[in-house]
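Student: I'd like to learn how to read a model like this one. Could you walk me through it, feature by feature?

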Amino acid sequence: MAKGVWIVAEQRDGAFRKISFELASTARKLADVLGEEVCAVLCGSGVEGIAGQLGKYGVDKVFVADAPALEPYTTDAHAAAVAKIVKENDPAILLLGASTQGKDLSARLVGKLATGLATDCTDVKIADGKLLAIRPMYAGKCFGEVVFSTFPQMASLRPNVFPAVENAKAGAVVKFDPALDAGLLKTKVLEVQKDTSGKADLTEANIIVSGGRGMKGPEGYAILEELAAVFGATVGASRAAVDAGWRPQSDQVGQTGKIVSPNLYIACGISGAIQHLAGMSSSKIIVAINKDAEAPIFTKADYGIVDDLFKVVPEFTKECKKLLA
Amino acid sequence: MNIVACVKQVPDTEAQIKVKPDGSGIEEGGIKWVMNTYDEFGVEEALRLKEKNGGEVTIVTIGPARAMETIRTALAMGADKGIHICDPAFDGADAYATASALAAAIKGIPHDIIFCGQRAIDDDSGQVGAVLAELLGIPQVTVITKLEFAGGAIKAIRPIEGAQLLIECPLPCLVTAQKGLNEPRYASLPGIMKAKRKPVDVKDLAALGVTVTANAKVAKFIPPPARAAGKIICGDDPAMKARELARLLREEAKVI
């Protein structure tokens with residue numbers, strides 16, 4: 001009988017990604033309902049030393065695979081290692097992050113474990129002793145309640161949605177041999193080109209300042225950059241702005257761009273086309289600044305200002321600087 | 001070079017999605033069906049690869065009869081032939097079932113490189129490509145924005161949080177396309193005419209020898225949670241409204 005709530009922890013350069021703690025806390029909650037253990041899998045090179053940190057967030061046991069071939073992340077190596085330890089232990093539930101790495105890995109594991117996965121969940125709970133995963137579909141235009149008929153029941157959790165709560169458990173470290181077959185490690189990371197801006201990725205940002213067609217051109221974004229700098233926020237854009245060439249592809253928020261869930265989303269000069277709303281409506285607080293009172297963005301906004309953003313935003317920046325000084 | 005591109009027919013991004021009253025699915029009436037955006041990038045890249053290196057592009061889809069339009073669109077763009085897996089049993093199939101059927105169809109044809117979209121914009125699962133790669137026993141590079149092919153291997157750019165990876169992978173392999181990979185071409189009129197005569201093989205599950213299971217199943221579709229009505233900050237002076245906004249975010253919402 002499959003038992004236990006497992007997570008795949010995520011680290012980069014020897015430090016845990018925040019999602020790992022969100023996963024641990026969520027797994028703890030589920031495991032307490034079931035009266036079962038929380039176990040984590042941690043893969044990397046030279047990571048044994050950090051494994052115990054997961055105990056702080058409710059993990060009972062951490063299975064660690066420590067091998068040079070596990071750094072940097074490749075699908076081949078990590079999927080083989082995780083599948084091996086999961087098959088040996090038969091957990092009931094397996095949670096990963098819906099980060100770029102977690103999405104890549106979780107989907108490959110579905111193939112290896114011949115099971116089912118609910119991607120990018122915004123809520124998970126136990127119903128009748130089984131996992132019930134709730135996830136946006138059609139980029140949030142509707143939601144699905146996912147149930148499972150195989151084990152492990154897999155879900156990937158949207159970053160920034162589940163709280164990381166301290167709840168100290170043993171966090172006992174158990175090493176395992178991933179038994180990697182070098183012949184099956186086909187992909188190679190030749191280069192990691194780091195973004196040196198120091199800004200959080202849109203999918204991980206706490207605050208996003210986003211601009212649309214109302215910015216009137218690439219120069220218009222200067223006032224958004226200035227506002228973003230006050231909070232260490234990340235600047236996003238609507239599809240209209242990206243398609244016009246004002247902002248890079250990687251800045252696009254929406255159904256065909258990034259799906260984001262910051263604590264605060266400030267939409268400036270964005271009318272709120274349905275495909276944009278789909279990408280940001282799971283933000284906790286939404287602010288809209290737009291001169292068109294009829295713009296659909298106001299139907300999603302917690303706070304709205306109907307006015308010229310070029311007059312409002314600089315004043316807002318000034319005020320925030322004062323408040324945060 | 002034998003190239004396969006998997007495509008899915010989905011509601012276009014402007015579609016309003018309404019959940020059926022019994023929660024069993026979405027209302028399909030009035031929806032405009034199009035090729036999944038990310039699959040279009042895959043098809044375009046497949047065609048560019050063929051134009052440079054020679055070979056053939058096969059389009060594979062799973063879907064009801066209407067999905068044939070999507071195959072024809074890809075053929076009109078320049079692909080050579082199609083496989084349409086059409087069986088009512090696929091209604092509600094999950095990624096594992098979908099990938100199993102695709103794998104059964106693709107195993108029977110030569111494949112050096114397979115393209116999928118990084119996710120379909122209907123169920124947003126983003127799993128099928130990777131599961132398919134696993135079932136075929138080939139490596140994957142997912143969510144790529146650049147592709148080069150030389151000397152029997154690809155080099156691809158994969159953006160991750162705060163960085164871009166340059167990844168090398170030998171053929172045969174599977175890649176999933178992200179926006180930014182290319183600008184998909186429009187089908188030309190002669191292309192559309194030619195597409196009508198290109199071969200499309202229609203197969204059902206029995207022909208593929210697979211059964212459909214749903215390891216993960218959407219038991220219920222629900223409308224998105226409603227957001228409480230927001231507060232419009234009134235006044236004539238933009239500076240005053242900006243100050244009030246800052247105050248509310250600080251004192252009421254407590255997010256700054």
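Tutor: Sure. Helices (H or I, at least four residues) and strands (E, at least two) are DSSP runs, numbered from the N terminus. On that basis chain B has seven helices and 14 strands. Some housekeeping: this is a predicted model, where local features need pLDDT of at least 70 and side-chain atom pairs count only at pLDDT 80 or more, while totals for chains, interfaces and linings use all residues. Residues are numbered from 1 along each chain as its sequence is written, and chains are lettered from A and ligands numbered from 1 in the order in which they are written.

Student: What average pLDDT does chain B have?

Tutor: pLDDT is the predictor's confidence in each residue, from 0 to 100. Chain B averages 96, and 100% of its residues score at least 70. For the complex, the predictor gives an ipTM of 0.96 and a pTM of 0.95.

Student: How do I read burial, and what share of chain B is buried?

Tutor: Count the other C-beta atoms (placed from the backbone) within 10 Å of a residue's own: 20 or more is buried, 12 or fewer is exposed, and in between is partly exposed. In chain B, buried residues make up 48% of the 256. For a single element, try β4(A), residues 38–44, where seven of seven residues are buried. Val38(A), Ala40(A), Leu42(A) and Gly44(A) point one way from β4(A), and Cys39(A), Val41(A) and Cys43(A) point the other way.

Student: Which strands pair with β4(A)?

Tutor: Two strands pair if DSSP finds at least two bridges between them. β1(A), residues 5–8, pairs with β4(A) in the parallel sense over four bridges, with Ile7(A) partnered by Ala40(A). β5(A), residues 61–66, is also parallel to β4(A), over six bridges, and there Leu42(A) stands opposite Val64(A).

Student: Now the interface. How many residues does each chain bring?

Tutor: Two residues are in contact if their C-beta atoms, placed from the backbone, lie within 7 Å. The contact takes 70 residues from chain B and 77 from chain A. On the chain B side, α7(B) gives the largest share, ten residues. That side divides into 41 nonpolar, 13 polar and 16 charged residues; here Ala, Val, Leu, Ile, Met, Phe, Trp, Tyr, Cys and Pro count as nonpolar, Asp, Glu, Lys and Arg as charged, and the others, Gly among them, as polar. Strand pairing crosses between the chains too: β18(A), residues 303–306, runs parallel to β14(B) and is joined to that strand by two bridges, with Tyr303(A) opposite Lys231(B).

Student: Where should I look for unusual backbone geometry?

Tutor: Most residues other than glycine have a negative phi, and most peptide bonds are trans. In this model, the bond from Glu71(A) to Pro72(A) is cis, with omega near -10 degrees, and Pro72(A) sits in the loop between β5 and α2 of chain A. Another cis bond joins Leu171(B) and Pro172(B), with omega about -5 degrees; Pro172(B) is in the loop between β10 and β11 of chain B.

Student: And phi: is Asp120(A) buried or exposed?

Tutor: Asp120(A) has a positive phi of about 60 degrees without being a glycine, and belongs to strand β7(A). Asp120(A) counts as buried because 28 C-beta neighbours lie inside 10 Å. Asp128(A) also has a positive phi, about 55 degrees, but lies in the loop between β8 and β9 of chain A. Asp128(A) has 6 other C-beta atoms within 10 Å, so this residue is exposed.
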